[in-house]
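Hi there,

Here is the structure I promised to pass along. Have a look at it first, and then read on for what turned up.

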Amino acid sequence: MHLNVFTQCSPSPQFKGMWRVPGDRTATGYRSLEYWISRARQLEAACIDALFFADIHGVYDVYRGSWAPAVRHAVQIPSIDPALLLSAAAAATRHLGFAITYSTTYHSPYECARLFSSLDHLTGGRVGWNIVTSYLRSATANGLGEYLDHDDRYDRADEYVQVARALWEDSWDADAVVRDVERDIFTDPDRVRQVDHEGRWFTVRGPHQCEPSPQRTPVLYQAGSSPRGIEFAARHAEVVFLTLADPAAGREPVAALRAAAARHGRDPSMVKALQGTMVMVGRDRAEAKAKAEAYNTLWSSEGQLAKWCGWMDIDLAAFPDDTPVDEIRSQASQSFLGFLRKLTPDRTWTVGDVKYLVSRPRRPRVEAPVTLFGTPEQVADRMEQWLTVADVDGFNLIPCPPSDGIDDICDLLVPELQRRGLFRTAYDPAEATLRERYFGTGVRTYRDPARTVAAREG
Ligand SMILES: Cc1cc2nc3c(=O)[nH]c(=O)nc-3n(C[C@H](O)[C@H](O)[C@H](O)COP(=O)(O)O)c2cc1C
């Protein structure tokens, strides 16, 4: 089983209001190297695959047409850039992987290629890229480019990945750097080439600015689950972050994702499906219940509304409650409304329903399959059910509360999974890179049937 832990460099990753949990360290730790280094060491001691950083550009200003609710409730603001802490966290660890979110809409592929090559060198091949097309219109107010329609963003992302991979994989031969002191040649120019890309969105000549890093292409993650998002994932992604409603209903989308990868000529076993799920663990039932009560008390309704309105690019405060949400046109993420539809497929969701659902605190329940809640035994039972029924390869665990929840994963949940033989008790020293952790020793570079990089690797 693969286990990632989800976080963000902001005070209250994912669950609004949880920065108020007494003693939780994320609210101030998110901007401290010491905090991230100790989290990385802790996760490595628990043999976790990778620490996954969500990230955004812009601010959630859709709800009531204002960014004030987001600022007030720390809805992904303030937040710092996760790429900058990776080197320090990598220096403090040897095996833990790191995946960071990077937008194909608000950055250039040339810069992206250099950033990830740099991180791959500096982490010794332990970096992944969570490819997002971004949904916040507000980024454009800061000169970061143009807000494109949903499917256009994915078209641009397709070309973006093509350019970045050409820079990573085609521009430098594995033996281009010769460091020949006698002949005064650092790199043999005959073994470096331009990529000469000219497409609808990008013109990039190259050559790439970095010599090949251990993985060349970072491990490619993807999270959007609209039909267009799944198509994109099937074409490019190696690790897909799913938000399935329950194990039985999840089986079909997981199988569809693998089938779509096969249609693109890819080996479906080269796509790992991770269920993204909140995890709240207590030592015993009473402790779990107390955590759930605190969750309810500290929940921020307005913060949740600000987040969901940004995700959907729909101001729920601007429509009468009986308006069907399907009638409101939006170009933002389709995954989140899609998730609600999957929860109750026969229902016509209205603005009032969505407002009620997202703003009302819902105490985590053991019976709710989408939440990993309860004692370590109860949570491990539920995880086994996800693995066998939905056929997922693992989880992107969203700890709640954000830092105490990391302690609970490492101290309570992982030992129970290890006791059951479901999770490694040590890293395999032969797996030097993050990609090898997912796909086995020797699989260091991206496997693409349409490309020949493996041949050049010799
Ligand atoms: C579980 C999940 C996590 C996501 N994390 C991020 C993130 O950290 N940053 C971001 O800009 N987009 C994030 N997204 C947005 C998607 O990657 C995607 O760009 C967006 O959802 C639009 O595509 P879709 O309609 O296919 O979902 C996330 C989406 C999902 C479903």
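**Aromatic rings**

Searching the whole structure, which is a predicted model, turns up 18 aromatic pairs. One of them joins Tyr 35 and Trp 36 in an edge-to-face arrangement, with 4.9 Å centre to centre and 80° between the planes. If you are wondering about the angle, planes over 60 degrees apart count as edge-to-face. Tyr 35 and Trp 36 are both buried.

Another pair worth opening in your viewer is Tyr 154 with Phe 232, which is tilted: the planes make 50° and the rings sit 5.6 Å centre to centre. Why does this pair tie together parts that are 78 residues apart in sequence? Tyr 154 belongs to helix H6 (residues 150-170) while Phe 232 belongs to helix H7 (residues 227-236), so the contact between them links those two parts. Tyr 154 is buried, and Phe 232 is buried as well.

There is also an aromatic cluster to look for. Phe 6, Phe 52, Tyr 221, Phe 241, Tyr 438 and Phe 439 make it up.

A charged side chain meets a ring too: Arg 347 lies over the face of Trp 349, at 4.4 Å from the ring centre.

**Empty space**

Next, the cavities and pockets. How many cavities of 30 Å³ or more does the structure hold? The search gives one, and the volume of the largest cavity is about 30 Å³. Its lining is made of Ser 117, Leu 167, Trp 168, Trp 172, His 208, Cys 210, Glu 211, Pro 212 and Ser 213. By class, five of these lining residues are nonpolar, three are polar and one is charged.

The second largest pocket holds about 340 Å³ of space. If you want to find this pocket on screen, start from Ser 225, Ile 230, Pro 253, Gly 338 and Lys 342, which lie nearest its centre among the 19 residues of the lining. Which elements give two or more residues to that lining? They are H7, helix H8 (247-263) and helix H11 (335-343). H7 is also the helix that holds Phe 232 of the tilted pair, so you will meet this helix in both parts of the tour. As for the character of the pocket, its lining has nine nonpolar residues, seven polar ones and three charged ones.

Happy browsing, and do write back with any questions.

Best wishes

Terms used: Residues are numbered from 1 along each chain as its sequence is written. This is a predicted model: local features need pLDDT of at least 70, side-chain atom pairs count only at pLDDT 80 or more; totals for chains, interfaces and linings use all residues. Side-chain values use heavy atoms; hydrogens and water are left out. Rings of Phe, Tyr and Trp (its six-membered ring) pair if their centres lie within 6.5 Å; planes under 30 degrees apart count as stacked, over 60 as edge-to-face and the rest as tilted. Buried means under 20% relative accessible area, exposed over 50%, partly exposed in between (1.4 Å probe, protein chains only). Helices (H or I, at least four residues) and strands (E, at least two) are DSSP runs, numbered from the N terminus. A charge sits over a ring if NZ of Lys or CZ of Arg is within 6 Å of the ring centre and within 35 degrees of the ring normal. On a 1 Å grid over the protein atoms alone, a cavity is a set of points where a 1.4 Å probe fits but cannot get out, and a pocket is an open set with protein on both sides within 12 Å along at least five of seven lines; lining residues have an atom within 4 Å of a point. Grid points are joined across faces, edges and corners, and a volume is the space filled by probe spheres set on the points. Ala, Val, Leu, Ile, Met, Phe, Trp, Tyr, Cys and Pro count as nonpolar, Asp, Glu, Lys and Arg as charged, and the others, Gly among them, as polar.
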